[in-house]
Amino acid sequence: MSAARPPEGAHTAAAGEGIPSNAARPPEGAPASALLEVRDLALWLRSGDMPAPLLDGISFDIAAGQMLGLVGESGCGKTVLSRTLLGLHRPGSVARVAGSIRFAGRELGTLAERDWRALRGVGIAMVFQDPMTALNPVLTVGTQIGYALTCRLGLSRAQARRRTLELLEQVGMPDPARRAHQYPVQLSGGLRQRVVIALALSGNPQLLIADEPTTALDVTVQAQVLDLLDGLRRERRMAVLLISHNLAVVAAHADRVAVMYAGRIAEIGPSAALFAAPRMRYSAALLRALPRLHDDRQARLQSIDGRPPDWRALPAGCRFAPRCPQADARCAAEPPPLSGDLQTPHRFACWHPAPAGPALPQAAR
Ligand SMILES: Nc1ncnc2c1ncn2[C@@H]1O[C@H](COP(=O)(O)OP(=O)(O)OP(=O)(O)O)[C@@H](O)[C@H]1O
């Protein structure tokens, strides 16, 4: 564990001064390439008579300005992982945690609650699925953002008012001055999610975790919100972890994708490569189970047979083996490791991987 403080200046934006680019200045001790480094993370939560092993051997990096998509079926551990990265488990609920989470050169695994509170919203911020639960229904959106700004950044009320309008403008809110005086219920779902994103940006985070940020929205608005997140991370060089059920949505916006299955990473690699030719059988099945925009009418959606395993009865070998048509005795007995090492761009955990795809142009890797 390191006693390093959050980067100086990360929370000193004054209204009208623009946004200091945290990510452009890697803090001391942090390699320029990785803002978040997760290594062999494993987590057991207390649950009844035995600890629930919900995460196992999770390793990945996110660099400043990069978007990593995290996909997988319901229950695979996406939310548990994001809550772990934010230190948001209920007090006393963690039975054991192993491995390491380094953010901006600082080990988070051993932070005290007071330090987590200082980090949340400023270093790492979160956008949740349902904007209505993230917003206070009895306060205007301007009051809520202004409050976050005065608490997190110590701005004066006048500075906070100006900065609120800037933030609303940045998230594409039409007529920000008028909207700032409205209550969440007076806004459409898409505009409410923009307010939630503005709130998340108010602490000028270096990493934004967006957990199913568009699930509650219709398809056109979903695309607008994802384009917004994509634009913001480029402008601000902010790292984004985008969590979604939908591999196609993620592949369209993220640089890299991690596919989770039953608490483990099953495959991780550049979006284009993974989308064009997933190697692990589960990722391939996940992709086949998605509607594609230009499917011909003959193409039929395939669902993935079976259900993910319960954590009380995890298979000894590959956790996907009971559902995999390619599985053999080795798959049932031995867990396949992720191929390659941390420097390998495309890694997958499968004893019988699908064939490699055609080589992609450098830009798509
Ligand atoms: N406190 C807990 N104790 C025991 N099991 C838990 C606890 N919290 C979550 N789980 C279990 O952990 C597994 C992963 O849950 P999680 O919510 O992370 O899945 P998810 O991938 O985010 O799913 P969804 O896409 O539906 O949100 C599930 O089986 C869930 O029931």
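This text walks through a predicted model, from its overall make-up to its sheets, helices and core.

The protein chain contains twelve helices and eleven strands. Of its 365 residues, 41% are buried. Contacts in the chain often bridge long stretches of sequence: among those between residues at least 6 apart, 67% join residues at least 24 apart.

One place to begin is an open sheet of four strands, whose order is 2-1-4-5 and whose pairing is antiparallel. Its edges are strand 2 (52–62) and strand 5 (106–107), each of which pairs on one side only. Inside the sheet, strand 1 and strand 4 are joined in the antiparallel sense by eight bridges. Leu36 sits opposite Phe103 of strand 4 in this pairing. Strand 4 (residues 94–103) also pairs with strand 5, again in the antiparallel sense, over two bridges. Here Phe103 stands opposite Arg106 of strand 5. Phe103 can therefore be followed across the sheet, with Leu36 as its opposite number in one pairing and Arg106 in the other.Strands 4 and 5 form a hairpin with two residues between the strands, and Ala104 takes a positive phi near 50° there. Helix 1 (residues 78–85) lies across strand 1 (36–45), strand 2 and strand 4. The helix runs at about 65° to strand 2.

A second set of pairings centres on strand 9. How much of strand 9 (residues 256–261) is buried? Six of its six residues are. Both faces of the strand are covered: Arg256, Ala258 and Met260 are buried on one side, and Val257, Val259 and Tyr261 on the other. Strand 9 runs parallel to strand 3 (residues 67–71), and four bridges join the two. In that pairing, Val71 has Val259 as its bridge partner. Strand 9 also pairs with strand 10 (residues 264–270), in the antiparallel sense and over six bridges. Ala258 has Ile268 of strand 10 as its bridge partner. Strands 9 and 10 form a hairpin with two residues between them, and Ala262 in the turn has a positive phi of about 45°.

The helices can be read in a similar way, starting with helix 5 (residues 157–170). At 1.5 Å a residue, its 14 residues should span 20 Å, and the 20 Å between its end C-alpha atoms agrees with that. Its buried residues are Ala160, Arg163, Thr164, Leu167 and Leu168. Why do they fall on the same side of helix 5? They cover an arc of only 140° around the axis, which puts them on the same side. An α-helix has 3.6 residues a turn, so residues three or four places apart point the same way. The buried residues of helix 5 pack against helix 4 (141–153), helix 6 (176–179) and helix 7. After helix 5 comes Gly172, with a positive phi near 75°.

Helix 7, one of the packing partners of helix 5, has 13 residues. From first C-alpha to last it reaches 18 Å, close to the 18 Å expected at 1.5 Å a residue. Helix 7 is mostly covered, with eleven of its 13 residues buried. The buried residues are Leu191, Arg192, Gln193, Arg194, Val195, Val196, Ile197, Ala198, Leu199, Ala200 and Leu201. Their cover includes strand 6 (124–127), helix 3 (131–134), helix 4, helix 5, strand 7 (207–211) and helix 8 (219–236).

The last topic is the nonpolar core. The largest one has 96 residues, and the members that touch the most others are Leu207, Leu242, Val259 and Ala266. Helix 7 (residues 189–201) gives the most to this core, with eight residues. Val259 has already appeared, as the partner of Val71 in the pairing with strand 3. What does Leu242 touch, leaving aside residues up to four places away in sequence? Its contacts are Met67, Gly69, Leu70, Ala210, Leu229, Val250, His253 and Ala254.

Definitions and conventions. Residues are numbered from 1 along each chain as its sequence is written. This is a predicted model: local features need pLDDT of at least 70, side-chain atom pairs count only at pLDDT 80 or more; totals for chains, interfaces and linings use all residues. A nonpolar core is a set of buried Ala, Val, Leu, Ile, Met, Phe, Trp, Tyr and Cys residues joined through C-beta atoms within 7 Å. A residue is buried if 20 or more other C-beta atoms lie within 10 Å of its own, exposed if 12 or fewer, and partly exposed in between; C-beta atoms are placed from the backbone. Two residues are in contact if their C-beta atoms, placed from the backbone, lie within 7 Å. The expected span of a helix is 1.5 Å times one less than its number of residues. The arc is that of the directions from the helix axis to the C-beta atoms. Two strands pair if DSSP finds at least two bridges between them. Axes are lines fitted to C-alpha atoms, for helices over the stretch in contact, and angles run from 0 to 180 degrees between N-to-C directions.
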